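Please walk me through how the side chains of this protein pack together, beginning with one tryptophan and its surroundings and then moving on to a helix and its aromatic neighbours.

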Amino acid sequence: MASSSARTLSRGAACLPCRKLKAKCDGNKPACGRCIANNRPDDCEYAVGGEVTRSRLLEENIALLEARIRELENPAEAPSVRLHDPRRQSEATAGSSRSTHPEISSVQLCPPAMPPPTGSISPPTPQERQVLLQTFMANASQVGFFLNPTRFVHAMSLPREAPGAVSESLANAVYLWGSRWSSSNTLRAKEPYFCRNAVQAVTGTMLFAQPMAPSNGVLYTIQTEVLLGLYFMATGRSLEGKYHGVAAIALTMGSKLHQLDAVSLARAGMDPVSIGEKIHAFWAVYAMDKEWALALNVSPSICQRGRSAVRVTTPWPLSVEAYEQVRRSSSLDFGTLFMNGQQGIISARRGFNYLIDDYMRGLIDDSGDEFSRLAIRAKATALCDSALYLSSMYRNDMPNRGEWLAQFTTLDNTIERFHRQVAAIRNRGVEDMREMAVSRTFACVAAIQLHSVFVNHQPASRQKSLSVAIASARALDVIDLNQCRHLEPVIAMYWPIICKVLIEEIMRLRANPAGVRPEDFAMITSSLDRIMGAMAHLSQTSPLMGALPFTAWTISHTDMSNQPQTWQRYSNCVPPPNVKEHTVLFYFHRGPS
């Protein structure tokens with residue numbers, strides 16, 4: 001039998017690399033002999049007839065993205081190419097032909113875990129859309145919503161083709177969260193419909209940016225990516241969540257929103273509310289990046305250390321009402337809201353006249369700052385990020401131990417001061433107090449993370465971790481969970497850190513009960529009950545709360561007052577034969593048996 005290398009290939013039947021080099025190809029599949037000999041079998045692909053190849057897919061995607069960029073840069077002009085799924089066109093041309101690289105050709109525009117379109121889910125009626133919008137707006141602050149609420153609701157009422165109307169992708173992302181939070185089974189059943197539509201609509205726009213003064217279209221895309229990223233994170237689909245989160249960060253940084261010159265924009269005629277939306281867009285993405293980086297134990301994309309450090313000069317976010325006040329008032333102009341500061345800093349009328357880098361170095365007294373939920377969230381997440389970074393740098397034999405300890409002390413004092421300020425905020429609206437509970441939790445986790453390097457051999461660090469864990473449970477006292485049925489999804493990743501501190505202290509006290517006051521032990525157990533009860537309550541609407549990768553066990557014990565207690569298993573999972581050291585044990589206290 002003649003060898004495969006001896007056969008003559010028809011014209012155009014050689015693989016693409018051999019055709020490019022004008023070299024002889026044996027035509028073997030999936031990789032020819034020459035590509036294997038050159039140790040590049042993955043590059044070997046054939047383009048016969050209508051067969052879809054990786055190169056063709058990339059070329060089509062590049063052409064589509066370039067066309068989309070031109071369309072967004074010149075919205076008044078008709079688009080030269082309308083976005084679509086290039087695989088559908090290729091498959092229609094090729095008939096039953098399929099690529100030799102199925103992992104590329106089978107990529108879907110809709111999320112992999114989402115059921116394929118079946119047509120069984122009917123589109124929502126106008127009344128249902130209105131209900132979903134109202135449901136979303138009631139909890140929007142907990143999922144990174146940064147647009148002006150009044151303008152956004154108006155834009156949602158406009159026809160999709162009207163100037164200023166909300167994009168199709170953002171509208172579906174809003175309805176997606178509204179359906180997830182809805183108490184109606186009919187509306188919740190439409191969740192896959194909105195998810196698929198939102199992902200399909202936003203595909204192809206995430207790489208576009210407009211430096212310094214992004215349009216509403218770009219802000220809508222950033223907002224869509226933030227909502228989708230948090231949705232997938234909250235539903236346990238972290239890979240898709242990170243994808244959309246990174247897209248939001250890339251578009252934000254590419255648009256230079258981290259170095260926004262608010263005064264120049266105001267002098268150019270932009271109204272204060274629009275400037276406020278751009279400022280809020282950056283800080284919402286900044287906070288999302290920091291809080292999820294710690295939850296997933298990865299480095300944040302917006303780095304502020306080392307050679308790749310990003311200098312942030314965007315003004316601190318004020319309240320939505322502050323920007324609207326300037327727009328409505330005839331006696332105020334934007335200059336009264338902002339003023340020039342040192343080093344190009346733009347600040348509010350009261351406070352916020354500093355950069356975040358100076359705040360993190362403990363150089364700022366921010367006690368006089370105006371109230372801003374987003375500014376508080378940004379500071380809380382930045383403190384968590386710094387605590388994680390500093391604790392990861394510690395080594396027993398580190399040469400610069402003195403410098404590290406100085407940074408430790410500064411950051412510890414900054415976290416403590418921030419915690420006191422947030423804990424002192426009382427008697428504000430439901431949204432404000434819900435945000436205070438979340439930000440206070442971040443501050444507690446920051447302190448726990450910072451002291452984690454000393455907690456096993458320094459009683460002061462152990463006591464500090466315990467006190468902030470108890471304080472985290474007390475933070476829930478400022479909100480009514482029956483009214484606030486939804487919290488920031490990432491909280492589900494932070495509460496286990498706090499529960500771990502409480503559980504370890506309970507086990508330590510049980511092992512050495514001498515001198516332990518019953519009331520102290522009761523305070524720890526009640527704090528654990530408070531957090532675990534909140535997680536159980538919120539798990540009804542947040543899958544992440546009820547699907548954490550932690551195991552709970554059933555044990556019986558006697559507390560400090562010799563009162564027998566029953567600790568029941570919090571989850572229904574079966575305990576594995578052995579428990580790794582990093583496993584967090586959850587015990588749900590059910591009271592006296």
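**Packing in the core and around a helix**

Leaving aside residues up to four places away in sequence, Trp-283 touches Val-312, Thr-314, Pro-315, Trp-316, Pro-317, Ile-356, Leu-374 and Ala-378, where contact means heavy atoms within 4.5 Å. The model is a predicted one, in which local features need pLDDT of at least 70 and side-chain atom pairs count only at pLDDT 80 or more, while totals for chains, interfaces and linings use all residues. Residues are numbered from 1 along each chain as its sequence is written, and side-chain values use heavy atoms, with hydrogens and water left out.

Trp-283 is also one of the residues that touch the most other members of the largest nonpolar core, which has 139 residues; Phe-136, Phe-152 and Trp-177 are among the others. A nonpolar core is here a set of buried Ala, Val, Leu, Ile, Met, Phe, Trp, Tyr and Cys residues joined through side-chain atoms within 4.5 Å, and buried means under 20% relative accessible area, exposed over 50% and partly exposed in between, with a 1.4 Å probe and protein chains only. A second, separate core of nine residues includes Ala-14, Cys-18, Ala-31 and Cys-32.

Phe-152 leads to helix α7 (residues 149–157), in which Phe-152, Ala-155 and Met-156 are buried; helices are DSSP runs (H or I, at least four residues) numbered from the N terminus. Because these buried residues cover an arc of only 100° around the axis, they lie on the same side of α7, the arc being that of the directions from the helix axis to the C-beta atoms. The buried residues of α7 pack against α6 (126–139), α8 (168–181) and α11 (216–234), whereas the face turned away from the buried side carries the exposed residues Thr-150, His-154 and Ser-157.

Phe-152 also belongs to a cluster in which ring pairs link it with Phe-136, Phe-145, Trp-177, Trp-181, Tyr-231 and Phe-232. Rings of Phe, Tyr and Trp (its six-membered ring) pair if their centres lie within 6.5 Å, and planes under 30 degrees apart count as stacked, over 60 as edge-to-face and the rest as tilted. The structure holds 18 aromatic pairs, and one of them, the tilted pair of Trp-177 and Trp-181, has 5.0 Å centre to centre and 40° between the planes. Because Trp-177 and Trp-181 are four residues apart in helix α8, they are separated by about one helical turn. Trp-177 counts as buried because its relative accessibility is 2%, and Trp-181 counts as buried because its relative accessibility is 6%.

Key: Helix = DSSP H or I, 4+ residues; strand = E, 2+ residues; numbered from the N terminus.
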